[in-house]
Amino acid sequence: MLGLMQDRSLTLPHVFHRAEQLFGHKTVVTAAPSGETATTIAELCGRVRRLATVLDDLGITADGRVGTFCWNTARHLELYLAAPCTGRVLHTLNIRLFPDQLVYVANHAEDEVVFVDRSLLPLLWPHVDKLETVRTVVVIDDGADVPVPDDPRVRDYEELLAAARPRTGPFEVEDENTAAAMCYTSGTTGNPKGVVYSHRSAVLHSLATLFADGIALTERDVVLPIVPMFHANAWGLPYGVLMAGSSLVLPGPNMAPEAIVSMLERHEVTVTGGVPTIWMGIQPLLGEHDLSHLRTILCGGSAVPKALSKAYKEAIGVPMLQAWGMTETSPIATIATMHSHHDELTEDERDDARARQGFPAPLVDLRIVDPGTGELQPWDDVATGEVQAAGPWIARDYHRGEGGGAQFTEDGWLRTGDVASVDRYGSFRLVDRTKDLIKSGGEWIGSVELENEIMAHPKVAEAAVIAVPHERWVERPLACVVVKEGEDLTAEEIIEFLTPRVAKWWLPDAVEFIDEVPKTSVGKFSKKTLREKFGGYRVAGPSTHDGG
Ligand code: ADP
C-alpha cells in the first residue's frame with residue numbers, strides 16, 4: 001500500500017519563493033571596498049528575476065555551469081539563487097586555488113561564464129585564456145580600484161541587469177535530483193574532485209540548519225557567515241537563512257579580525273560561523289566589543305581546540321558550537337549541541353563535550369569501521385576507526401566519476417578519511433585524518449588530539465603536529481608551535497605541560513618553533529606544507545616511546 005501524500009519535488013525554487021513571499025522586508029548587508037550596502041530580500045529577489053533573464057541572454061545552456069569567483073556578498077547570493085532556479089548549476093570557484101587548479105576545475109566543470117568581483121579580477125584574468133569553455137566574464141563592480149580589461153568577453157553585471165526584463169511567474173525545476181550547485185574539494189592529494197549537490201540535497205540540508213538541536217536558524221536571527229560562499233556553500237548558511245527568514249550580514253573582502261568583530265557588534269549578529277583560525281585571530285579583540293547579541297558561534301572545518309571554546313565562553317559567555325563535515329557531506333554531518341545527559345557533568349567535562357565533533361544530524365547515518373578488517377566498531381568511545389557516512393546530502397560519486405573510486409564502499413557509503421571514536425550517546429570524537437595519523441611502533445598517535453593539548457598552553461598561539469620519520473619507531477610526532485606575541489616558551493616547558501595530559505609515548509620527540517602554521521586555501525592548518533618543510537627532519541636523541 002502506498003502513502004497518499006503529495007510527491008512534491010524538493011527544489012531551491014521553493015526556497016526562493018518562500019523568501020520572496022514571506023521575508024521581503026528582511027535585509028542583507030554587504031561590506032564592500034566602497035562601504036556597506038543594505039538591500040532587502042524583496043529587492044534581491046527582483047534582481048534574481050532579472051539575473052535569470054541575463055543568464056538566458058548570455059546563452060547559458062539549460063544545465064550550463066555558472067562559475068562564481070566572489071566574496072561573501074549579496075550579489076553572490078543572487079547568483080546562488082538565479083543559477084539553480086533556472087536549472088543551471090552554480091559552480092563556486094575557490095578564489096584561493098593555485099592557478100593550475102583553478103584552470104583545471106573550471107575546465108573540468110565546463111563553466112560557460114564566470115561572475116567575478118572586481119576586486120578579484122587580478123586573480124582570475126591572467127588565466128582566462130586557458131578557460132576552454134568560458135565565453136563570458138561578468139564583472140561585479142565592488143568599488144575596488146582595479147582596472148577592468150577592454151575585451152569583448154567582459155560584461156558589466158549592473159549593465160546586464162539593468163537591460164534585462166525580470167522573469168515573471170514561478171521558477172520551476174521538475175526533478176529534485178537535478179544538479180543545483182557544485183564545489184570542488186581542495187584536493188590535498190591529486191586533482192580536486194567535483195562534488196555535485198542536487199536540489200533535493202540542498203533543500204534537505206537547509207532544513208537541517210533550522211533544527212533546534214543544531215544551528216537552529218530562526219526568523220529572528222541575524223546571521224554572518226564568515227566561512228566563504230565558495231567553500232561548501234558557506235556550510236549551507238545562505239540557503240538556510242533564506243528558508244528561515246533570518247537577516248544576513250556578509251563580510252565581503254575584508255576578513256581582518258577587526259573588520260569582522262566590528263560587523264558582529266554593529267549589526268547585533270546572533271549567529272556566525274567560521275573555521276577555528278578565524279576565531280583565534282579575533283580572540284584578542286573580544287574585550288573591546290559588545291557581542292552580547294551573539295548566541296551561536298558555529299565552528300568547524302578542523303578540530304575546535306577546547307581552550308579556544310573555553311576562552312570565548314569566559315570572555316563573552318558563548319562557547320563554540322562545533323560541527324564536523326566535508327565538502328562531500330554538504331557539509332554538516334555532526335553537530336556538538338549540549339544534550340540533557342551533559343547536565344550532570346562538571347563544567348570542565350562539558351567543555352570536553354564541546355570539543356567533540358558531536359552527534360549525527362538528523363537524516364545522516366554514520367558508522368565507524370576498522371580500516372584493516374572492515375569490521376564495524378562498537379560505540380564505546382574507546383574503539384576507533386574510519387568514519388563512513390550515508391544520507392540524502394552525502395555524495396555518492398564525484399563529477400564525471402573521477403577521482404573517487406576508493407572513497408565509496410561497495411554498499412554505497414562515503415569513506416570520509418577521518419578517524420574517530422563514538423560514545424554510547426552517539427557523540428563522535430575525531431582523533432585524526434587517516435593521512436595525518438602518526439604511526440609510532442605500530443600504534444597510532446592522534447595528531448589532532450596532541451595539538452589541541454598543546455594549544456591549551458596559555459602562551460601558545462597555534463600548534464600543529466606532524467609525523468617525522470624515525471629509525472626505530474618508523475614515525476614520531478614533531479610539534480610545530482607558534483608562541484603568542486611577546487611571550488617566551490621553551491620546548492621543555494611544552495613537554496612538561498603535556499606530561500600529565502597525554503600518554504608518555506605520545507609526547508613529541510621534538511618541538512620546532514615557527515612564525516605561523518601554514519594554512520590551506522580555506523584557512524585550515526596545512527600539514528602537507530609542514531611535512532614538505534620538515535621532510536628531511538631527523539629526531540635527535542632518545543624517543544619518549546623508548547621508555548613507554
Ligand atoms: P579538504 O578535505 O580539502 O580539507 P573539506 O573542507 O571538505 O576539504 O574538509 C573536510 C575535512 O575537514 C574533514 O574530512 C575533516 O578532516 C576536517 N574537519 C572538518 N570539520 C572538522 C571538525 N569539526 N573537527 C575536526 N576536523 C574537521
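# Reading salt bridges, strands and a ligand shell

User: What does a relative accessible area of 28% say about glutamate 20?

Analyst: Glutamate 20 counts as partly exposed at that value, since buried means under 20% and exposed means over 50%. Keep in mind that this is a predicted model. Now try arginine 49: its relative accessible area is 12%, which puts this residue in the buried class.

User: Which side chain does arginine 49 meet in a salt bridge?

Analyst: The general idea first: side chains of opposite charge can pair when their charged atoms come close. Here, arginine 49 meets glutamate 20, with 2.9 Å from N to O. Arginine 49 belongs to helix H2 (residues 41-57) and glutamate 20 to helix H1 (residues 12-22), so the salt bridge ties together parts 29 residues apart in sequence.

User: How many salt bridges does the structure hold, and which residue does glutamate 158 pair with?

Analyst: The count is 38. Glutamate 158 pairs with arginine 75, at 3.3 Å from N to O. That pair links distant parts of the chain, with glutamate 158 in helix H6 (residues 157-163) and arginine 75 in helix H3 (residues 74-85), 83 residues apart. As for accessibility, glutamate 158 is partly exposed at 33%, and arginine 75 is partly exposed at 25%. You can also look at aspartate 151 and arginine 153, whose closest N and O atoms are 3.0 Å apart.

User: Which residues are linked in a network of salt bridges?

Analyst: Lys313, Glu347, Arg350, Asp351 and Arg354.

User: On to strands. What is the strand order in the open sheet?

Analyst: Strands of a sheet pair through backbone hydrogen bonds, either parallel or antiparallel. In this case nine strands make up an open sheet with mixed pairing, ordered S2-S1-S11-S10-S12-S13-S14-S15-S16. Strand S2 (35-40) and strand S16 (359-360) are the edges, each pairing on one side only. For a single pairing, take strand S13 (residues 296-300): four bridges join S13 to S14, and the two run parallel. Isoleucine 297 sits opposite methionine 320 in S14.

User: How do S17 and S18 run, parallel or antiparallel?

Analyst: Antiparallel: strand S17 (residues 365-369) is joined to S18 by five bridges, and isoleucine 368 stands opposite valine 387 in S18. S18 also pairs with strand S19 (residues 414-422), in the antiparallel sense, over four bridges. There, glutamate 386 faces valine 419 in S19.

User: Why is S18 described as largely enclosed?

Analyst: Count the buried residues. In S18 (residues 385-390) six of the six are buried, so the strand is largely enclosed by the rest of the structure. You can read helix H7 (residues 199-208) that way too: eight of its 10 residues are buried, so H7 is largely enclosed. Among the buried ones are His199, Val203, Leu204 and Ala208.

User: Last one, the ligand. How many residues surround it, and which are the closest?

Analyst: The ligand has 17 residues around it, and Ser186, Thr327, Asp418, Arg433 and Lys524 are the closest. By class, that shell has five nonpolar, nine polar and three charged residues. Strand S14 (320-325) and strand S20 (428-433) each give at least two shell residues, with S14 supplying the largest share, four.

User: Where does the backbone come close to the ligand's nitrogen and oxygen atoms?

Analyst: Check three spots. A backbone N or O atom of alanine 303 is 3.3 Å from a ligand nitrogen, and a polar backbone atom of alanine 323 is 2.8 Å from a ligand nitrogen. A polar backbone atom of threonine 327 lies 2.7 Å from a ligand oxygen. On its own the ligand has 560 Å² of accessible area, and the protein covers 92% of that.

Note on methods
Residues numbered from 1 in each chain as written. Predicted model: local features only at pLDDT ≥ 70, side-chain atom pairs only at ≥ 80, totals over all residues. Heavy atoms only, no water. Near = heavy atom within 4 Å. Polar contact = N/O pair within 3.5 Å; in protein donor to acceptor, adjacent residues only side chain to side chain. Areas by Shrake-Rupley, 256 points an atom, 1.4 Å probe, with all protein chains shown as cover. Nonpolar A, V, L, I, M, F, W, Y, C, P; charged D, E, K, R; others polar. Pairing = 2+ DSSP bridges. Buried < 20%, exposed > 50% of the residue type's maximum accessible area, 1.4 Å probe, protein only. Salt bridge = Lys/Arg side-chain N within 4 Å of Asp/Glu carboxyl O.
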